[in-house]
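Student: Could we go through a protein structure together, one question at a time? I would like to see how each answer is reached.

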Amino acid sequence: MLIMDRDCKRGGERFAIPTQGEVQGKLIVLEVVAITCLREVLASKNAFAVAALKKKVLRAMKEQCAPFGLSSEDEKAVLEYACEFFEEASKEAARQAATKVAAKSAGTARSRTPGHG
């Protein structure tokens with residue numbers, strides 16, 4: 001079961017083996033949150049805001065990795081994965097925004113054309 005409380009606990013309770021559904025659920029949450037946040041940033045079409053957000057994400061990733069004592073190779077892999085995740089989430093947010101705009105313009109075009117009956 002997805003429970004933030006368990007994720008915050010220490011010891012054995014925290015390290016219970018998650019089910020496949022839990023893992024998939026957490027990944028879906030991460031994806032939806034990332035896409036939703038990026039959609040808001042991309043709505044402004046501000047390249048500097050997107051670049052600043054990516055920089056903040058990478059800095060936060062470094063800070064989160066520090067306590068784990070990852071090797072430099074592992075830390076590099078984590079940061080590369082974060083960049084890939086960010087880029088893919090950005091692309092998905094742009095696709096969803098484009099789909100929404102296309103649907104709106106199609107609806108507007110239909111409302112402007114006279115009906116047949």
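Student: Is E92 buried, partly exposed or exposed?
Tutor: Happy to help, and keep in mind that this is a predicted model. Buried means under 20% relative accessible area and exposed means over 50%, with partly exposed in between. E92 has a relative accessible area of 23%, so its class is partly exposed.

Student: Which residue does E92 meet in a salt bridge?
Tutor: Look along helix 4, where E92 has a partner 3 residues apart, about one turn of the helix. The side chains meet with N to O at 3.0 Å. The partner is partly exposed, with a relative accessible area of 45%. The residue that meets E92 is R95.

Student: How many salt bridges are there by this rule?
Tutor: One of them joins R95 and E92. Another joins K91 and E88, at 3.5 Å from N to O; these two are 3 residues apart in helix 4, so they are separated by about one helical turn. E87 also forms a salt bridge, with K54. The count comes to 3.

Student: How far apart in sequence are the parts that the pair E87 and K54 ties together?
Tutor: In space, the closest N and O atoms of this pair are 2.7 Å apart. E87 is partly exposed at 33% relative accessible area, and K54 is partly exposed at 23%. E87 lies in helix 4 and K54 in helix 3 (residues 47-65), so the parts tied together are separated in sequence by 33 residues.

Student: What is the order of the elements from the N terminus on?
Tutor: Begin with the counts: the chain has 4 helices and 0 strands. Reading from the N terminus on, the elements run α-α-α-α.

Student: Which helix gives the most residues to the largest nonpolar core?
Tutor: In soluble globular proteins, nonpolar side chains tend to be buried together. Here the largest nonpolar core has 8 residues: A34, I35, L38, V41, V50, F86, A89 and A93. Helix 2 and helix 4 are the elements that give two or more residues to this core. With 4 residues, the one that gives the most is helix 2.

Student: Which residues does I35 touch, not counting residues up to four places away in sequence?
Tutor: I35 is one of the residues of the largest nonpolar core. Two of the residues that I35 touches, A89 and A93, also belong to that core. With that sequence limit, I35 touches A89, E92, A93 and Q96.

Student: Which residues make the nonpolar surface patch?
Tutor: Helix 2 (20-43) and helix 4 (72-112) each supply at least two residues of the patch, and the largest share, 3 residues, comes from helix 2. Y81, in helix 4, is exposed, with a relative accessible area of 54%. The patch covers about 490 Å² and is made by V23, L27, L30, Y81 and F85.

Student: How many disulfides does the structure hold?
Tutor: A disulfide is a covalent bond between the sulfur atoms of two cysteines. C65 counts as buried at 7% relative accessibility, whereas C83 is partly exposed at 22%. A pair of cysteine sulfur atoms has to lie within 2.5 Å to count, and the number of disulfides in this structure is 0.

How values were computed. Residues are numbered from 1 along each chain as its sequence is written. This is a predicted model: local features need pLDDT of at least 70, side-chain atom pairs count only at pLDDT 80 or more; totals for chains, interfaces and linings use all residues. Side-chain values use heavy atoms; hydrogens and water are left out. Patches are made of residues with over 30% relative accessible area and no salt bridge: like charges are joined within 9 Å, nonpolar side chains (Val, Leu, Ile, Met, Phe, Trp, Tyr) within 5 Å. Accessible areas come from the Shrake-Rupley method with a 1.4 Å probe; for residues, only the protein chains shown count as cover. A salt bridge is a side-chain nitrogen of Lys or Arg within 4 Å of a carboxyl oxygen of Asp or Glu. Buried means under 20% relative accessible area, exposed over 50%, partly exposed in between (1.4 Å probe, protein chains only). A nonpolar core is a set of buried Ala, Val, Leu, Ile, Met, Phe, Trp, Tyr and Cys residues joined through side-chain atoms within 4.5 Å. Contact means heavy atoms within 4.5 Å.
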